[in-house]
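Trainee: I'm new to this structure and would love a close look at its aromatic rings and what lies around them. Please start with one ring and build outward.

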Amino acid sequence: MDKALDQAIEFLTSPSVTPPTSEAVVEALLQAETTAKRTKLSHGYSQLIGNWRLGFITGTKRSRQRAGVILGSGRFLPKWIKINLSYSPSESSQDQGTVQNAVQFGPIQIVLTGPTKFYPKTNILAFDFTQIRISLSRITLYQGYIKGGQDRETRFYEQPLKEQAFFTYFLVENRCIAARGRGGGLAVWTK
């Protein structure tokens, strides 16, 4: 693993480490992505199972030229914002399961859940958030399907990938995962 990326993981998982520059992390992520493509590195859905905390993201800018998506500089999320991504397996298939994305601001927690499908040849994990739960200090204020969620959940496994949200994972290790989203941005999660 690149030194800047290793330092970023240390910063995200321990309180006293100084972070590398965002530019160095973005460069390290791009290098890791290139290496994964070149070596045709393949991962399994079982490697993603567990709880991961979002720690670093890049935005994207649409280029006025036809060059496509340009990455923003990237940023570490403040430690007081807790965004956790959890994957759990399905009993019926080794490449299917459930995703849960929990965002917590003080006593308020918003949790989105839905189905997932992993494509091992391309390391793509398709997902859809179909249900929501909003809580205040562990008291559930609302829980139910997001508009059209029940129908989307029923049809999820029949939909082609081009109609779904997805992450393409290019770095999967015991202590971190990194992916490019459908919109072109990069993200790093840690255990």
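**From one ring outward**

Mentor: Let's start with Phe-76, which counts as buried because its relative accessibility is 17% (buried is under 20% relative accessible area, exposed over 50%, partly exposed in between, with a 1.4 Å probe and protein chains only). Keep in mind that this is a predicted model, where local features need pLDDT of at least 70 and side-chain atom pairs count only at pLDDT 80 or more, while totals for chains, interfaces and linings use all residues. Residues are numbered from 1 along each chain as its sequence is written, and side-chain values use heavy atoms, leaving out hydrogens and water.

Now for the ring pairs: there are eleven aromatic pairs here (Phe, Tyr and Trp rings, the six-membered one for Trp, with centres within 6.5 Å; planes under 30 degrees apart are stacked, over 60 edge-to-face, the rest tilted). Phe-76 joins Phe-56 in an edge-to-face pair, with 5.0 Å between the centres and 70° between the planes. Phe-56 belongs to strand β1 (residues 50-57) and Phe-76 to strand β4 (residues 75-76), so their pairing ties together parts that are 20 residues apart in sequence (helices, H or I, at least four residues, and strands, E, at least two, are DSSP runs numbered from the N terminus). Phe-56 is buried too, with a relative accessible area of 1%.

Another edge-to-face pair is Phe-167 with Tyr-169, at 6.1 Å centre to centre and 65° between the planes. Both of those residues, Phe-167 and Tyr-169, are buried. They also belong to a cluster linked by ring pairs, along with Tyr-45, Tyr-87, Phe-118, Phe-127, Phe-129 and Trp-189.

Phe-129 gives us a way over to Asn-101, because Phe-129 is among the residues Asn-101 touches (contact means heavy atoms within 4.5 Å). Leaving out residues up to four places away in sequence, the others touched by Asn-101 are Ile-83, Asn-84, Leu-85, Ile-110, Val-111 and Leu-112. Asn-101 sits in strand β6 (residues 96-105) and is buried, with a relative accessible area of 18%.

Some rings have a charge for company. The charged end of Lys-79 sits over the ring of Phe-11, 4.5 Å from its centre (NZ of Lys or CZ of Arg within 6 Å of the ring centre and within 35 degrees of the ring normal). Over the face of Trp-52 you'll find Lys-191, at 4.7 Å from the ring centre.

Aromatic residues turn up at the surface as well. Trp-80, Phe-105 and Tyr-142 help make a nonpolar surface patch of about 810 Å², together with Ile-108, Ile-110, Leu-136, Ile-139 and Leu-141. Strands β7 (108-119) and β10 (139-145) are the elements that give two or more residues to that patch, and β10 gives the most, with three. Ile-108, in strand β7, counts as partly exposed because its relative accessibility is 40%.

Ile-134 is worth a stop, since among its contacts are Ile-110, Ile-139, Leu-141 and Tyr-142, with neighbours within four places in sequence left aside. Gln-109 and Thr-140 are in contact with Ile-134 too. Ile-134 itself lies in strand β9 and is partly exposed, at 27% relative accessible area. From C-alpha to C-alpha, Ile-134 is 9.8 Å from Ala-102, although the two are 32 residues apart in sequence.

Between β9 (131-136) and β10 there's a loop that holds Arg-138. Phi of Arg-138 is near 70°, a positive value in a residue other than glycine. Most residues other than glycine have a negative phi, so that's something to look at. Arg-138 counts as exposed, at 84% relative accessibility. Lys-40 has a positive phi as well, near 50°; it sits in the loop between α2 (22-39) and β1 and is exposed at 70% relative accessibility.

Let's end with a charged pair by the rings. Asp-128 forms a salt bridge with Arg-152, the closest N and O atoms being 2.8 Å apart (a side-chain nitrogen of Lys or Arg within 4 Å of a carboxyl oxygen of Asp or Glu). Arg-152 lies in helix α3 (residues 149-155) and Asp-128 in the loop between β8 (124-127) and β9, so this bridge ties together parts that are 24 residues apart in sequence. Asp-128 is buried at 15% relative accessible area, whereas Arg-152, at 21%, counts as partly exposed.

Key:
Patches are made of residues with over 30% relative accessible area and no salt bridge: like charges are joined within 9 Å, nonpolar side chains (Val, Leu, Ile, Met, Phe, Trp, Tyr) within 5 Å. Accessible areas come from the Shrake-Rupley method with a 1.4 Å probe; for residues, only the protein chains shown count as cover.
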